[in-house]
Structures are given as structure tokens and as C-alpha cells.
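Let's take a walk through the charges and cysteines of this one. Have a look at the chain below before reading on.

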Amino acid sequence: MPLALDFPPDSAEWTFFVCFAVILVGPLLFERLGFPGIIGVIIGGLLVGPGVLGWIEREGAVESLGDLGILVLMFLAGLELDLDEFRANRRGAVTFGALTFTIPLALGIVVALSFDYGFATAMLFGSLWASHTLVAYPIVQEHGLLRDRAVGIAGGGTVMTDTLALSVLAIVAGSVASDADPVVVLLEVVVGIGILALFCVFVLPTVTRRVFAGVGQHRGARFLFVVVALTAAALVADRAGIEGIVGAFFAGLALNRLVPSRSRLMEQIEFAGGVLLIPFFLLSTGMLVVPEAFTEPRVLAIAAISLTVVFAGKFTAAFVSSRVLGLSRPQGRLLFGLSLAQAAATLAAVTIGVDIGLFDTPLLNATLVVVIVTVLVSSLVTRSAARRVEPTPVQGDRLAETIFIRADLKDSSAMRRLAARLAMAKGGNVLVGAIAPAAGTPLEAAREQAETVAREVSAQGAEVSTVVRVDTSEAAALAAIVAEHRVSLVIAPWRRAALAVDAVLGSEVLDLIALVDVPVLGVVSAGGSEARRIVLALDRADLSADAQRDLAVACASVAAAAVRGHAVILAPEGEAANDLAHLVSDDAELVVDGRSRAAAVAAIAREGDVVVLPARSGPSPLPRDAATVAALPVACAVLVPTRPHAGASVVTGTATLVGSRRTA
């Protein structure tokens with residue numbers, strides 16, 4: 001075969017070489033210059049594409065992988081949204097979300113109409129600026145502001161704006177694809193979204209739980225199923241007359257609780273998406289750009305006015321929201337900085353707009369200018385505001401983020417099921433630990449025991465990992481495991497009634513309490529049936545604010561999510577307890593009973609109840625009536641959440657325990 005000297009080569013090998021070179025070098029170069037890495041990939045696509053060097057063509061492999069990349073991008077957008085943050089800050093999130101969506105949308109429509117574009121194009125163009133991407137999120141993470149209220153509102157607002165922006169996209173795309181009456185088109189889109197919602201709310205989570213329970217921790221099978229799930233949702237959306245990216249976004253929301261943020265599965269998804277597929281989408285987007293058009297007055301005018309729309313709209317929304325919601329000025333600037341960047345949903349929508357013929361080259365180029373500028377300014381504004389916002393005194397992980405259980409506990413099947421249910425309810429994972437006194441046979445036995453327990457937990461559908469440590473001191477080994485794996489909750493049987501430390505490992509755990517700050521969920525009674533209702537039982541002392549009470553409320557909230565919101569607050573007085581009910585569950589039932597707590601629980605207890613009792617402050621946290629409640633003839637579980645250390649960094653109150661899905 002003669003030596004091929006033609007340039008550029010017309011081969012798949014050359015195409016992939018150039019693409020991967022750009023994906024590697026582009027972000028590294030631009031991040032070193034202080035710019036976001038995504039800009040390097042977009043500009044790299046512009047340079048190697050037909051518009052400049054002409055080394056590779058967009059049609060073919062690049063376009064196909066880019067189409068898959070945009071689906072993964074929107075799937076991750078839904079998967080990584082913090083639904084707990086939205087729930088905890090729903091009033092602020094709805095207020096800010098409504099303002100930061102409607103103001104830029106309205107201004108964007110006016111801008112597009114003023115340049116003689118049609119109404120469908122104007123609607124889609126306005127929706128580009130109505131959403132936002134939390135590109136600057138790592139900056140607030142770096143400054144320890146994950147639990148700041150402004151950050152929670154921005155994260156919750158993202159849920160609202162992305163959903164509304166993609167709904168606008170679905171309606172506009174549907175109207176373009178059909179010549180029917182606008183009312184008929186709108187009705188068809190609504191029906192399509194309804195079909196997609198039914199699939200993602202009922203079918204997808206149910207099938208996912210069963211598949212995850214069936215394949216266990218087989219990483220390849222779980223990852224491939226996730227890909228099947230997101231493409232299935234995209235296909236359902238496509239068949240229902242909606243753009244596939246809407247289905248991918250809904251699939252991410254549907255699996256939000258089932259893929260823990262710290263799990264290996266999430267690492268696989270983020271690696272495949274962030275390193276390979278999403279960069280191909282950015283690369284293919286850059287190849288759509290015509291460089292000569294950047295100098296056209298029309299492009300520059302649209303870009304300049306669009307930037308004005310984005311800056312004015314986002315600033316107004318942040319300013320008004322900060323005043324209405326009582327945020328400080330630095331928090332208002334932080335809200336503005338976080339909501340300014342236009343990236344994920346904007347790039348996805350502009351690509352769809354080009355594909356369906358609504359966006360021409362000037363609109364595409366102007367949009368890319370806005371994306372680049374807003375991403376840069378967002379980082380600068382957020383960093384400046386973050387320096388002026390005081391972090392909360394204590395930063396901690398979400399309560400159910402990483403739940404630790406010992407592998408060698410006898411008769412602990414019920415506790416394993418409990419750990420799995422709590423972790424799955426809040427998108428966490430279970431860590432099964434075993435400690436061997438020496439290497440060799442004891443180590444192999446401990447490893448086998450941990451794997452056996454992990455398989456049992458995995459059969460419940462939860463994400464699980466194991467850790468085995470050789471140490472002659474069990475307390476030191478447990479302390480190291482908790483610290484190294486960022487454990488947020490320890491579940492253990494309450495073996496004695498004298499000290500909280502006996503909930504984990506008898507008196508030896510005194511060393512652990514001195515070294516580690518994590519809550520202990522003491523299981524006084526594991527119950528005998530599947531949990532169906534949560535009962536938070538309070539006595540008069542629990543009606544006043546107390547860290548142990550707050551921890552019990554947080555545990556009851558997680559447990560209520562595990563049983564899908566069926567919760568009862570049992571208290572001697574209704575007025576004081578009423579404020580706690582909404583923290584446990586939106587539809588929690590309040591039962592007032594002035595008798596002793598044990599008698600009140602006995603009056604309402606039924607099989608399948610999980611009774612949560614706040615621990616007592618002091619050297620012996622086990623409530624005096626815990627044993628009485630556990631001895632009731634009804635088979636119910638009795639849990640006592642305990643703060644093992646007075647200065648705990650994980651537990652400072654309910655708000656701390658149900659924080660961001662992304663954690664430091």
C-alpha cells in the first residue's frame with residue numbers, strides 16, 4: 001500500500017485524533033489562562049471545523065456523538081439538581097425562579113421581534129436567557145457556602161427555570177413541526193409532556209429499582225442501564241412530539257434519588273459524559289460557527305442587546321428577590337452571579353433552534369458570544385460576592401449522604417434494610433465496614449462477611465460499597481473509616497441503656513466519640529415488618545429548641561421520604577409542634593395527646609410503624625421510655641438519633657442536615 005500523504009486525511013482515525021486532541025488541549029489551555037474549559041472546546045471546534053482550518057467535518061461521527069452528548073448534558077442537569085434544596089427553599093426558589101425566568105424571557109422576545117424574527121423564533125430566543133447554569137457552583141463550594149440561603153435559592157430556582165425553559169422549547173418545536181392550529185399544537189404538546197411525565201414518574205423509577213436490585217453492584221450493568229433509561233426517555237419524548245433533550249432532562253429528575261451523588265455510578269456517568277460525550281457536543285456546536293459573521297453589524301448588535309437583556313434581567317430578578325426574601329447585599333450579588341451564566345440549557349436550545357430552522361447564523365453566533373461572556377462574568381461576580389458572605393458556622397454533609405453499618409452485627413437484616421431505605425430516599429449510599437484483628441484468615445473472613453452484607457443491601461436497590469480494615473483497636477479503626485469515607489450517619493443497635501456510645505460498640509467507642517463528629521442512629525427495636533409510617537414522638541421537653549430534637553426531626557424527615565411521606569407528629573401540645581410538622585413532611589399529620597409519651601404511642605402504634613424518639617441531653621441520652629415503647633406488643637421499630645459529641649460538625653439543626661446534593 002502506498003504511503004498516504006494527502007492532508008487533511010479523510011479517515012475516521014484522523015477525525016477522532018483531532019477531536020480528542022481538542023478535547024484534551026482546549027480546556028487545559030483556557031483554564032490556565034483563567035477561562036472556563038468549555039470555552040476552549042467550543043473555540044477548538046471553531047478552529048478545526050469547516051469555518052477555519054477545515055480539518056474535520058461536522059457531519060458523521062462528530063454530529064452523532066454530539067447528539068448523544070446533548071442528551072447526556074441535559075440528563076446530568078436533571079440528575080445533579082438538588083431537589084432537597086428546592087424543597088427546603090421552595091418559597092424563595094419559586095419567587096426567584098419566576099422572576100429570573102419571566103424577565104429575561106419577556107425582554108428576549110422583544111429583542112428578537114425588533115430584529116424582524118417571527119414569534120416562534122422570538123419565544124425560543126427569549127427562553128435561551130430565561131434559564132441559567134450553575135457554572136460558578138465550585139466557587140461557593142470553595143468558600144464553604146454550600147448551606148448559604150442564597151445558594152439554596154439559586155439551586156432551587158434552577159429546577160424551575162430549566163423545566164420551564166425546556167417546556168417552552170417543547171411547545172415552540174412542536175409548533176414548527178406541525179401546520180395545525182396553534183391551540184391543537186399546544187394541546188398535543190401538553191399531552192406529550194403528560195405521557196413523558198407518566199413514564200418518568202412511574203415507569204422509570206420502578207424499573208430502575210428492580211434492575212438495580214437484580215444486577216446488584218455490577219458497575220457495567222448499572223451504567224448501561226442508566227444509558228438505556230435516558231435514551232428511552234428521550235425516545236418517548238420524541239415519539240410524543242417533544243424534543244429528546246426534554247425527555248433526557250426528565251429522566252435525570254426521575255433518577256435523581258436513585259443515583260447517589262458520591263457513588264461510583266455517578267462517577268461513571270460524570271466521567272463518560274464530562275470527558276467524552278458532552279465535549280463532543282461542545283465541539284460540534286463550535287463547528288457550526290461562521291467566523292466571518294462575527295464582524296457583521298447585525299451579529300454584534302444582537303449580541304450586545306442580548307447581553308444587556310441577560311445582565312438587566314438577571315440583576316433585576318436577583319435584586320428584587322433579595323429584597324423580598326430578606327437577603328443581604330452580598331447574598332444578592334451572589335444570587336446574581338450564580339444565575340448569570342448561560343451554558344447547558346442555552347447551548348442545548350440554540351442547537352435545537354438551528355436544527356429545526358428557527359435560528360440563522362447571526363442568532364447562533366450572537367448566542368455563543370453571550371454564553372462566553374456570561375460564563376466569564378458569572379465566575380468573577382460570584383467569586384467577588386463569595387468573599388463578602390460569611391459562611392455558616394458549621395458545614396456538614398447531608399444526613400443520609402453516606403450511611404455506615406457494621407458487617408458483623410448479629411440479626412441485623414432489619415437494620416440493613418433500614419440503611420438501604422434511608423440512603424435511597426435521599427440519594428445517598430451505604431458503606432458496609434468490617435474490621436479484622438489481623439491479616440490472613442481473619443482478614444479474608446471479614447472481607448467475605450462485608451461482601452455478603454453488601455449483596456443484601458444491594459438487593460434492596462441501594463448503592464453500596466465496602467471497606468475492610470486491619471486494626472487491633474476497633475474504636476480507632478471505626479474513627480478512621482468514618483473520617484476517610486466522610487460518613488454522615490452511623491446505624492447501630494442500642495446494646496445498653498447507659499451511654500450513647502453503647503449504641504455503636506459498648507464502652508470501647510469512647511475513643512470514637514472523642515475523635516469523630518457524626519450522628520448515631522441507635523436502633524432500640526428493629527421491628528418485624530416493612531416500614532409504612534413514621535411517628536416522631538415528642539414529650540414536653542422536646543417542644544423547645546434543642547440540638548437532639550432537631551436531629552430527630554431531620555431523621556424523621558429522611559425516614560418519611562423513605563416511606564413516601566407517611567408521617568405522624570405525636571406531641572402533648574399542638575401549637576409548638578405544628579411548626580415542626582412541615583419539616584418532617586409536607587402532609588405530616590399532627591396528633592395531640594397530653595398523656596405520657598409511652599401511653600400516647602401505645603394508643604396509635606400499629607404494625608409497620610417506625611417510632612423516632614429524640615435523645616436526651618446529658619451523659620445518658622437514651623430516653624427513659626424508649627424500652628417501654630420498644631416492648632409494645634405491636635411490632636414497630638424504635639429509633640433514637642443521638643449527637644455523639646456536643647460540638648458536632650455535621651449536626652447543627654434540621655436545615656444543615658438536608659442540604660445540597662453537591663457537597664464539599
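How many disulfides does the structure hold?

## Cysteines

The count comes to 0 disulfides in this predicted model. A disulfide would be a covalent bond between the sulfur atoms of two cysteines.

Two cysteines are worth a glance anyway. Cys-200 is buried, at 4% relative accessible area, and Cys-636 counts as buried too, with 2%.

## Salt bridges

Searching the whole structure turns up 15 salt bridges. One of them pairs Glu-63 with Arg-58, with 3.5 Å between the closest N and O atoms. Arg-58 is buried because its relative accessible area, 9%, is under the 20% cut-off, whereas Glu-63 is partly exposed at 27%.

Arg-406 is a busy residue to follow. Asp-408 forms a salt bridge with Arg-406, the closest N and O atoms lying 2.7 Å apart. Arg-406 also forms one with Glu-474, at 3.6 Å. That second pair links distant parts of the chain: Arg-406 sits in strand β1 (residues 402-406) and Glu-474 in helix α19 (residues 474-484), 68 residues apart. As for exposure, Arg-406 is buried at 6%, while Asp-408 is partly exposed at 32% and Glu-474 is partly exposed at 25%.

Elsewhere, a network of salt bridges links Asp-539, Asp-542, Arg-597 and Asp-625.

## A positive patch

On the surface, Arg-323, Arg-329, Arg-333, Arg-387 and Arg-388 gather in a patch of positive charge. Take Arg-333 from that group: helix α14 (residues 329-340) is where you'll find it. Arg-333 is partly exposed, with 37% relative accessible area.

Terms used:
Residues are numbered from 1 along each chain as its sequence is written. This is a predicted model: local features need pLDDT of at least 70, side-chain atom pairs count only at pLDDT 80 or more; totals for chains, interfaces and linings use all residues. Side-chain values use heavy atoms; hydrogens and water are left out. Patches are made of residues with over 30% relative accessible area and no salt bridge: like charges are joined within 9 Å, nonpolar side chains (Val, Leu, Ile, Met, Phe, Trp, Tyr) within 5 Å. Accessible areas come from the Shrake-Rupley method with a 1.4 Å probe; for residues, only the protein chains shown count as cover. A salt bridge is a side-chain nitrogen of Lys or Arg within 4 Å of a carboxyl oxygen of Asp or Glu. Lys and Arg count as positive and Asp and Glu as negative; His and the chain ends are not counted. The place of a charge is taken as NZ of Lys, CZ of Arg, CG of Asp or CD of Glu. Helices (H or I, at least four residues) and strands (E, at least two) are DSSP runs, numbered from the N terminus. Buried means under 20% relative accessible area, exposed over 50%, partly exposed in between (1.4 Å probe, protein chains only). A disulfide is a pair of cysteine sulfur atoms within 2.5 Å.
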